[in-house]
Amino acid sequence: MRSKNSLSRHVHSFFQDYLTRQRNLSPNTVLSYRDTLKLFLRFASIHLEKPVIDLSVDLLDVELVLLFLDHLEEHRKNSAATRNVRLAALHSFFRHVGGRDPLLLDQCRRILDIPLKRTTTPAVDYLEREELEALLHAIDLSKFDGRRDFTLLSLAYQTGARVQEILNLRVCDLQLTPPAWVRLLGKGSKERVIPLWNQTAELLRALLVERNLAAKGTSSVFTNLQGKPLTRWGFRYILQKHVRAAAAILPTLADKHVHPHILRHTTAVHMLQAGVDPNSIRDCLGHANSETTWRYARITMQMKRKAIEALAPQGETVQQPVPIWREDEALLSYLESLGRRNGYVANSQ
């Protein structure tokens with residue numbers, strides 16, 4: 001029996017009620033869900049040879065979703081991680097549809113059973129201190145856009161903020177008189193307040209004065225030369241422009257994949273190198289999951305190990321403590337060794 005509810009009604013309720021009113025997701029997350037649904041409906045329209053307006057929910061079955069996921073990887077060359085993001089959005093949509101229309105519940109459950117694909121954890125890119133200094137020194141401070149860029153990248157590094165958090169900053173989010181701080185709106189609409197160095201606060205004060213902005217206004221802090229809010233593409237262009245200039249001074253930069261998120265990674269690694277507690281780093285960077293912060297801790301531990309090994313006498317093996325994130329493996333190995341010492345092998349099933 002075919003459901004009476006139209007695809008259009010489900011889409012409207014998903015975006016206008018479920019995502020925004022019930023879950024209160026951030027605008028960027030809603031846009032990501034929108035892009036996924038647009039891609040999926042266009043694919044369905046071509047595959048089923050029907051205009052989007054004539055599609056019904058019962059035509060969007062599990063086989064079609066699987067074909068769409070294959071299309072993302074094979075034809076759009078999306079990574080497994082991107083495929084998982086698209087699938088997670090479709091899971092949310094069909095979970096919503098199944099809750100609204102019991103006649104479609106079985107179809108939606110089959111789609112929800114499609115698993116996410118296993119992915120590899122990418123290596124964390126970051127800048128060494130001399131590379132960061134070369135990047136900042138390559139900026140021409142005699143021009144307004146250079147002073148803006150220097151302030152932008154300095155703030156991004158000092159706070160470890162996500163790019164969109166920096167771009168969304170309004171003047172009223174800044175407290176530039178001592179004690180200076182910045183209020184950031186992160187994922188899940190979670191706010192966090194980060195203290196500012198005196199140098200960073202002075203750079204921001206100078207930028208606001210140069211732009212003639214009121215201290216508590218709602219104008220964007222960082223804009224392009226046309227006065228419009230800076231975009232992610234604008235941030236990427238600014239960063240890569242100065243990286244190219246800095247690479248002429250420090251060639252190691254030319255061999256690195258420098259992307260906007262690298263400044264956030266750099267902040268985390270430098271804080272760990274300075275001995276900052278990982279829990280404090282998690283709070284500063286707004287990590288929802290501690291495992292994200294421990295990725296940086298692993299890098300720092302590897303650096304220490306290499307430094308100690310380089311100082312060891314020739315031919316001597318340096319004994320390293322078991323890293324915290326592998327204590328569970330060490331414990332299991334110890335328990336297994338107890339069985340071997342007592343003359344039996346336990347069944348591990």
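Biologist: Which helices are included in what covers the buried residues of helix 10?

Modeller: The model is a predicted one. In it, the cover over the buried residues of helix 10 includes helix 6 (129-137), helix 7 (144-159), helix 8 (163-167) and helix 11 (262-273).

Biologist: Which residues of helix 10 are buried?

Modeller: They are Gly-234, Phe-235, Ile-238, Leu-239, His-242, Val-243, Ala-246 and Ala-247.

Biologist: How should I read Trp-233, and is this residue of helix 10 buried or exposed?

Modeller: The cut-off for exposed is a relative accessible area over 50%. Trp-233, which lies in helix 10, counts as exposed because its relative accessibility is 69%. In space, its C-alpha atom is 9.5 Å from that of Pro-260, a residue 27 positions away in sequence.

Biologist: What span should helix 10 have, and what is the distance between its end C-alpha atoms?

Modeller: The expected span follows from a rise of 1.5 Å a residue. Helix 10 covers residues 232-247, which is 16 residues, so a span of 22 Å is expected. The end C-alpha atoms are 22 Å apart, in agreement with that expectation.

Biologist: What does the same reckoning give for helix 2?

Modeller: Helix 2 has 22 residues and should therefore span 32 Å; the C-alpha atoms at its ends are 31 Å apart, which agrees. Its buried residues are Val-30, Tyr-33, Thr-36, Leu-37, Leu-39, Phe-40, Leu-41, Phe-43, Ala-44 and Ser-45. These buried residues pack against helix 1, helix 3 (62-74) and helix 4. Helix 2 is followed by Glu-49, which has a positive phi near 60°.

Biologist: How is the packing of two helices described?

Modeller: Two packed helices are described by the angle between their axes and by the distance between those axes. Helix 4 (residues 80-100) and helix 5 (residues 105-112) provide a case: their axes come within 9 Å and cross at roughly 160°. An angle over 145 degrees counts as roughly antiparallel, and helix 4 and helix 5 are therefore roughly antiparallel to each other. Their crossing is left-handed.

Biologist: Which residues make the contact of helix 4 and helix 5?

Modeller: Helix 4 contributes His-91, Phe-94, Arg-95, Val-97 and Gly-98, while helix 5 contributes Leu-105, Cys-108, Ile-111 and Leu-112. By class, six of the residues in this contact are nonpolar, two are polar and one is charged.

Biologist: At roughly what angle do the axes of helix 6 and helix 7 cross?

Modeller: The axes of helix 6 and helix 7 cross at roughly 155° and come within 10 Å. That angle makes helix 6 roughly antiparallel to helix 7. On the helix 6 side, the contact is made by Arg-129, Leu-132, Leu-135 and Leu-136; on the helix 7 side, by Phe-150, Leu-153, Ser-154 and Tyr-157. This contact has six nonpolar residues, one polar and one charged.

Biologist: Where is Thr-159, and with which residues is it in contact beyond its neighbours within four places in sequence?

Modeller: Thr-159 is in helix 7. With a relative accessible area of 2%, Thr-159 is buried. Neighbours within four places aside, Thr-159 is in contact with Ile-166, Val-182, Leu-184, Ile-194, Leu-196, Thr-267, Cys-284 and Leu-285. The last of these, Leu-285, is 126 residues from Thr-159 along the chain, yet their C-alpha atoms are separated by 7.5 Å.

Biologist: Which residues have a positive phi although they are not glycine?

Modeller: Asn-24 and Asn-212 are among them, each with a positive phi of about 55°. Asn-24 sits in the loop between helix 1 (7-22) and helix 2 (27-48), and is partly exposed, with a relative accessible area of 48%. Asn-212 sits in the loop between helix 9 (198-210) and helix 10, and is exposed at 68%.

Biologist: Which residues does a cis peptide bond join?

Modeller: Pro-178 and Pro-179 are joined by a cis peptide bond, with omega about -5°. Pro-179 is in the loop between strand 1 (174-175) and strand 2 (181-185).

Biologist: How many helices and strands does the chain have?

Modeller: The chain has 14 helices and three strands. Buried residues make up 40% of its 349 residues. Of the contacts with a separation of 6 or more, 64% are between residues 24 or more positions apart.

Terms used
Residues are numbered from 1 along each chain as its sequence is written. This is a predicted model: local features need pLDDT of at least 70, side-chain atom pairs count only at pLDDT 80 or more; totals for chains, interfaces and linings use all residues. Side-chain values use heavy atoms; hydrogens and water are left out. Helices (H or I, at least four residues) and strands (E, at least two) are DSSP runs, numbered from the N terminus. The expected span of a helix is 1.5 Å times one less than its number of residues. Buried means under 20% relative accessible area, exposed over 50%, partly exposed in between (1.4 Å probe, protein chains only). Contact means heavy atoms within 4.5 Å. Axes are lines fitted to C-alpha atoms, for helices over the stretch in contact, and angles run from 0 to 180 degrees between N-to-C directions. Angles under 35 degrees count as roughly parallel, over 145 as roughly antiparallel, 65 to 115 as roughly perpendicular and the rest as oblique. A crossing is left-handed if the near helix is turned anticlockwise from the far one by less than a right angle, and right-handed if clockwise. Ala, Val, Leu, Ile, Met, Phe, Trp, Tyr, Cys and Pro count as nonpolar, Asp, Glu, Lys and Arg as charged, and the others, Gly among them, as polar.
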